[in-house]
Amino acid sequence: MVHCVRCCGRISKQKEMKLSQFKYFLPQELIALHPLEDRDEDRLMVVDREKQTIEHKSFKDILTYLEDGDVLVRNNTKVIPAVLTAQKENTDTYINVFLLRELDTESRLWDVLVDPARKIRIGNKLFFDEGNMVAEVIDNTTSRGRTLRFLYSGTHEEFKAKLFSLGKMPLPEQILELRDAEPCDEKDYQTIYASREGAIVSPSAGLHFTRRMLKMMEIKGVQFADITLHTGIGNFREIDVEDLAKHKIDSEEMEITEETSNIINNAKQSQHKVCAVGTTSLKAMESSVYISGMVKPYEGWTNKFIFPPYDFLSADMLLTNFNLPQSSMMMIACAFGGYDLVMKAYKEALGEKYRFLAYGDALLIK
């Protein structure tokens with residue numbers, strides 16, 4: 001059964017916060033343009049909510065905060081090469097096409113964003129790869145969005161392989177704008193456990209893990225529970241309302257299997273810790289949690305928007321990155337760790353020259 005979660009979360013009785021309270025200045029030189037060669041060599045800031053302390057570690061030190069029986073909840077979504085370029089039929093106009101999601105496998109229907117949108121109308125044909133792939137515009141879904149029907153006679157697998165071979169990874173514009181050249185990011189912008197295609201934003205907290213690190217965790221007795229939340233375009237959109245309760249976040253498709261919920265709940269019942277890898281994993285669990293803290297299986301959509309104050313039930317720890325000012329990811333971290341403490345951590349990260357955004361350093365809130 002498919003469901004949809006639509007709420008802003010369990011708001012506590014404290015006064016709700018405003019967008020301007022999440023503003024800080026991020027110097028360009030602190031934006032990580034590339035990952036380190038050894039991702040587990042990234043720095044790790046550890047914030048202790050109980051002690052109200054901040055420590056500076058290496059990412060490898062995360063092992064010391066997890067014990068036998070603890071659970072690492074990971075988002076196994078896989079980023080698709082969503083950025084394509086097409087030529088409008090009978091013109092010299094080139095159109096940037098950003099794949100959002102596949103609507104129908106048999107009809108080859110996709111929701112996309114197009115730029116410049118003003119040049120595209122229903123009925124227009126777009127030619128990719130010098131005409132080797134053709135799509136027809138069949139609907140206007142938003143002011144910038146369109147629905148395309150790709151005209152391709154092969155199997156669905158052949159079509160997807162062809163389509164994705166033409167695309168580039170959808171890196172955040174803050175990274176692309178600062179690069180001198182655009183290298184290949186097919187592996188760098190993907191977690192090593194990514195398995196289910198559908199994301200257009202990488203769940204970047206998971207990018208720190210290497211196979212060596214996961215093996216060491218496995219030997220220690222740490223369990224892995226994989227959820228799927230296909231991170232969408234809402235993660236790129238700026239929040240433009242001061243009153244956060246009025247912000248409408250885009251829905252994202254997610255799934256928590258019965259196997260995953262059992263792993264999480266068994267750990268909880270045995271008094272072991274549950275660590276969410278990334279704000280997407282945390283949001284997914286909070287979208288399907290009982291008041292008791294137990295997580296239930298779920299398949300559907302969520303547009304849950306979490307900001308302080310908020311009472312979390314599903315996780316004991318959160319691993320995240322240092323995110324953009326006034327971003328929804330930063331707000332979830334502040335809600336989990338406490339606004340004052342996390343803002344203090346961000347200020348210290350700036351002073352200590354931590355690396356920010358998807359390819360940057362990590363923040364563990366415990």
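The dialogue below treats one helix and several ring contacts in a predicted model.

Reader: How many residues does helix 7 have, and what span should they give?

Author: The rise along a helix is taken as 1.5 Å a residue. Helix 7 covers residues 339-351, which is 13 residues, so a span of 18 Å is expected; the C-alpha atoms at its ends are 18 Å apart, in agreement.

Reader: Which residues of helix 7 are buried, and what covers them?

Author: A residue counts as buried when its relative accessible area is under 20%. In helix 7 this applies to L341, V342, M343, A345, Y346, A349 and L350. Their cover includes strand 2 (43-48), strand 3 (53-58) and strand 17 (317-321), together with helix 6 (328-337) and strand 18 (362-365).

Reader: What backbone feature does K353 show just after helix 7?

Author: The angle to read there is phi. K353 has a positive value of about 60 degrees.

Reader: How many aromatic pairs does the structure hold?

Author: Two rings pair if their centres lie within 6.5 Å. The structure holds 16 such pairs. One of them joins F150 and F159, with 5.5 Å from centre to centre and 55 degrees between the planes, a tilted arrangement. F150 and F159 are both buried. Elsewhere, ring pairs connect Y24, F322, Y346, Y354 and F356 in a cluster; Y346 also belongs to the buried residues of helix 7.

Reader: Which ring does the charged end of R74 sit over, and where does K296 lie?

Author: For a charge over a ring, the distance limit from the ring centre is 6 Å. The charged end of R74 sits over the ring of F224, 4.6 Å from its centre. K296 lies over the face of Y290, 5.1 Å from the ring centre.

Conventions:
Residues are numbered from 1 along each chain as its sequence is written. This is a predicted model: local features need pLDDT of at least 70, side-chain atom pairs count only at pLDDT 80 or more; totals for chains, interfaces and linings use all residues. Side-chain values use heavy atoms; hydrogens and water are left out. Helices (H or I, at least four residues) and strands (E, at least two) are DSSP runs, numbered from the N terminus. The expected span of a helix is 1.5 Å times one less than its number of residues. Buried means under 20% relative accessible area, exposed over 50%, partly exposed in between (1.4 Å probe, protein chains only). Contact means heavy atoms within 4.5 Å. Rings of Phe, Tyr and Trp (its six-membered ring) pair if their centres lie within 6.5 Å; planes under 30 degrees apart count as stacked, over 60 as edge-to-face and the rest as tilted. A charge sits over a ring if NZ of Lys or CZ of Arg is within 6 Å of the ring centre and within 35 degrees of the ring normal.
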